[in-house]
Amino acid sequence: MPKWEDNLRQVTPYVPGAQPQSKNVIKLNTNENPYPPSPKVVKAIQEMDLETAMRKYPDPTSGDLVHALENYHGLDEGQIFVGTGSDDVLSIAFLTFFNSDRPIIFPDVTYSFYPVWAQVYGIPYREIPLDESFRILPEDYGWIDPENRASAIDEGGDIPENGGVVIANPNAPTGISLKRGYVEQIIAANPDVIVIVDEAYIDYSRESVLPLLHDYDNLVIVRTFSKSRAMAGMRIGYAMSSPRLIRAMNDVAQSINSYTMSATTLKAGVASIEDDEYFRARIEDVRKTRARTIVELKKRFFNVLPSSTNFVFASPSRVKCETLFEELCARNIFVRHFNGERIRDYLRITIGTDREMDALFAAIDEIQG
């Protein structure tokens, strides 16, 4: 074995959902929006001076997009960080905030990129098991009910030592959301570390923790344009936090790559934000189809977890999960199957158009017999 192999960084990489290239498929495996982005997005790109946009470097501050997001969310200047998709934003956040020798903590069933970033950056981590219903319990992250605080501390139930907390809310791949009050309990229980709340799917839910930014200077909220804004191909993500933490993220990001957002992406992002009516309408379309999908799957004897996202997490009872996954693939219907011990009996099914979901139901009927 060559000596240089001793110096290779070895990690188990994140495995994204399959990206079939054929157009004759029903793609329900990567939680993309089934509807197109706002027509204003397409128009904005068409009206660009593309020759100049391609020839010159884009704005390294992403100023237009940053200001549009600040105005949209009612935030002050300096409270927005943008990057190429929320994966890039989260990666920068891990690199910026998690530099102690104490482990960061996140659920054992959650976005599977979290342990990958921890490995890549040499960050110790510990996975906290979800309860039997796949829910996050604030007490597992250090929260102690004030009425029981004295007895809990006497029993050794004080705040677990950690170097940071990461919570996806709503969680993925389960789709279950945690009410704002419970997320606040986790933030309040960990005042000495950064708490990241990954809100990739929050637009399909009801309760963001955005109002808590005014009360907690250790809170970082991460969002994406890939799901609800139907712009996964443009790669836009952003973080919201205190100016101090956003400044730290920018310092790290600028030390790696000063030009992460293309001019076309910046223009498209602003156009999407400016068409809120279209945005809200498409979210409601997905919610309606999600409700119908849950009903139809339960008719077919699936156990379906409550969902606050644009997907459902469902377990079949009349056929093995892996068999159903493979049979659907054979019919050019792609859903997501994970091999994790606790979730191998579940499929994550993205909400598509009503027509796509009807095709899924028909295929399930055929497979189940």
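The largest cavity in this predicted model encloses about 90 Å³ of space. In total, the structure holds 1 cavity of 30 Å³ or more. Its lining comprises 13 residues, and those closest to the centre are S38, S228, R229, Y278 and F279. Which helix gives the most to the lining of the largest cavity? That is helix α10, residues 276-299, with 3 residues. As a general remark, empty space of this kind is revealed by rolling a probe the size of a water molecule over the atoms.

Let me turn to the sheet. It is open and built from 7 strands, arranged in the order β2-β8-β7-β6-β5-β3-β4, and the pairing is mixed. The edges are occupied by β2, residues 80-83, and β4, residues 125-128; each has a single partner strand, so one side of each is left without a neighbour in the sheet. From one strand to the next, the twist averages 20°.

Within that order, I would draw your attention to β6 and β7. Strand β6 covers residues 195-198 and strand β7 covers residues 219-224, and the two pair in the parallel sense over 4 bridges. If you wish to locate this pairing on the display, take V197, whose bridge partner in β7 is I221. Helix α5, residues 113-120, packs on the sheet, where it touches β3 (104-107), β4, β5 (164-168) and β6. The direction of α5 makes about 165° with that of β4.

I come now to the nonpolar cores. The largest has 48 residues, and the members that touch the most other members are L65 and L219. Helix α9, residues 263-273, gives the most to this core, namely 5 residues. What does L219 touch, leaving aside residues up to four places away in sequence? The contacts of L219 are I187, V195, V197, V209, L212, L213, M240, S241 and L245. One of these, V197, is the residue we met a moment ago as the bridge partner of I221. There is also a second, separate core of 29 residues, with V89, I92, V166 and V220 among its members.

Finally, some remarks on backbone geometry. As background, most peptide bonds are trans, and most residues other than glycine have a negative phi. Against that background, four places in this model deserve a look.

Two of them are cis peptide bonds. One joins N169 and P170, with omega about 0°. The other joins A172 and P173, with omega about 15°. Where does P170 lie? P170 is in the loop between β5 and α7, the latter spanning residues 180-188. P173 is likewise found in the loop between β5 and α7.

The remaining two places concern positive phi values. F134 is not a glycine, yet its phi is positive, at about 65°. This residue sits in the loop between β4 and α6, where α6 spans residues 149-154. R235 is not a glycine either, and its phi is about 60°. R235 belongs to the loop between β7 and β8, with β8 covering residues 237-240.

Are these residues buried or exposed? F134 has a relative accessible area of 8%; the cut-off for buried is under 20%, and F134 is therefore buried. R235, at 33% relative accessibility, counts as partly exposed, because that class lies between 20% and 50%.

Conventions: Residues are numbered from 1 along each chain as its sequence is written. This is a predicted model: local features need pLDDT of at least 70, side-chain atom pairs count only at pLDDT 80 or more; totals for chains, interfaces and linings use all residues. Side-chain values use heavy atoms; hydrogens and water are left out. Two strands pair if DSSP finds at least two bridges between them. Axes are lines fitted to C-alpha atoms, for helices over the stretch in contact, and angles run from 0 to 180 degrees between N-to-C directions. Contact means heavy atoms within 4.5 Å. A nonpolar core is a set of buried Ala, Val, Leu, Ile, Met, Phe, Trp, Tyr and Cys residues joined through side-chain atoms within 4.5 Å. Buried means under 20% relative accessible area, exposed over 50%, partly exposed in between (1.4 Å probe, protein chains only). On a 1 Å grid over the protein atoms alone, a cavity is a set of points where a 1.4 Å probe fits but cannot get out, and a pocket is an open set with protein on both sides within 12 Å along at least five of seven lines; lining residues have an atom within 4 Å of a point. Grid points are joined across faces, edges and corners, and a volume is the space filled by probe spheres set on the points.
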